[in-house]
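User: Please take me through the reasoning behind the labels assigned to certain side chains in the following model.

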Amino acid sequence: MKRPKNRLKNLENIKIAIVGGTGFEKLFKNAKWLRLGTPYGIPPPIFIGRIKGKNVAFLPRHGLNHSVPPHRVNYKANIYALYEMGVERILATNAVGAINHDFKPGDIVVPHDFVDFTKLRSTTFYDDAPVTHIDVSQPYCPEVRKLLIETAKKLGLHAWDRAVLVCTEGPRYETPAEIEMFRRLGCDIVGMTGIPEAVLARELEMCYATICYVSNMAAGIQERLTAFEVSKVSKRVLPKIEQVLIETVKALSLQRKGNCPCASTLKDARFK
Ligand code: HPA
């Protein structure tokens with residue numbers, strides 16, 4: 001896949017994007033927003049702002065009024081739009097339930113691996129020739145992960161720095177038996193939006209890592225799950241996540257230095 005050139009001349013300098021839930025557009029003072037079309041459909045409005053002299057895009061994955069459920073998010077349009085803009089690094093954030101009993105509501109987790117239990121999503125840009133098998137031995141960009149963890153620690157926040165995220169199809173929460181199965185498989189946290197976002201970014205050779213926050217203990221660990229509870233905990237934790245994201249953007253260099261596998265993903269992904 002070749003990055004389209006010159007289509008969006010005035011956006012050349014946006015190398016960093018944040019992908020998250022609704023509400024982060026307030027990250028930027030005087031944010032402008034734009035609507036893009038892609039071969040995969042139209043993503044939600046993308047906000048453009050500045051953090052310490054750096055242009056940054058914010059894409060609310062569920063749309064402006066949180067109107068798109070996790071299984072209906074157009075992950076391909078979202079990621080392709082950022083790619084088209086020239087974005088090279090994505091910082092994502094997801095609300096998750098905790099499967100690991102050591103994790104608690106309000107905790108911050110930067111996963112190092114994932115298990116994909118989605119069912120209906122379009123998970124690749126490479127449906128046609130050339131047949132492309134990308135390597136996900138390090139599923140999240142190690143450099144961006146390290147920076148997210150270091151930044152959280154510098155801000156005095158505790159962040160779990162290793163966790164396996166299982167992504168489910170939703171929109172319902174899981175059953176207690178499903179959560180027990182995921183626990184036995186070695187999964188630590190469960191969410192509905194992490195995949196295929198991470199995979200699609202890697203397919204387009206963009207760096208991607210996510211900072212998750214625990215909004216609840218997963219089904220069967222606590223008695224009942226409500227969307228109200230998830231949003232109540234989110235409101236409490238989001239200012240901290242915002243702070244980590246802002247400070248991470250400040251610390252990220254605009255130039256990638258080749259210390260991660262992301263930028264050369266396609267080099268060894270094809271048979272010829
Ligand atoms: N399961 C799936 N997705 C979630 C959860 C959960 O318990 N909490 C927040 N997002």
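Analyst: In this predicted model, Glu 180 has a relative accessibility of 28% and counts as partly exposed. Its salt-bridge partner is Arg 183, which is partly exposed at 39%. Salt bridges with shared partners join Glu 180, Arg 183 and Arg 184 into one network.

User: What makes the contact of Arg 183 and Glu 180 a salt bridge?

Analyst: The N to O distance is 2.9 Å. The cut-off is 4 Å, so the pair qualifies. Arg 183 and Glu 180 lie 3 residues apart in helix 3 (residues 176–185), a separation of about one helical turn.

User: Why is Lys 146 called exposed, and why is Glu 150 called partly exposed?

Analyst: Exposed requires over 50%, and Lys 146 has a relative accessible area of 52%, so Lys 146 meets that limit. Glu 150 has 35%, which falls between the limits of 20% and 50%, and is therefore partly exposed. The closest N and O atoms of this pair are 3.5 Å apart, forming a salt bridge.

User: How do you know that Cys 260 and Cys 207 are not bonded?

Analyst: The sulfur of Cys 260 is 3.6 Å from that of Cys 207, its closest cysteine sulfur. A disulfide requires sulfur atoms within 2.5 Å, so this pair is too far apart for a bond. The structure holds 0 disulfides.

User: Why is Cys 260 called buried?

Analyst: Cys 260 has 10% relative accessibility; buried means under 20%, so the label applies. Cys 167, at 0%, also counts as buried.

How values were computed
Residues are numbered from 1 along each chain as its sequence is written. This is a predicted model: local features need pLDDT of at least 70, side-chain atom pairs count only at pLDDT 80 or more; totals for chains, interfaces and linings use all residues. Side-chain values use heavy atoms; hydrogens and water are left out. Buried means under 20% relative accessible area, exposed over 50%, partly exposed in between (1.4 Å probe, protein chains only). A salt bridge is a side-chain nitrogen of Lys or Arg within 4 Å of a carboxyl oxygen of Asp or Glu. Helices (H or I, at least four residues) and strands (E, at least two) are DSSP runs, numbered from the N terminus.
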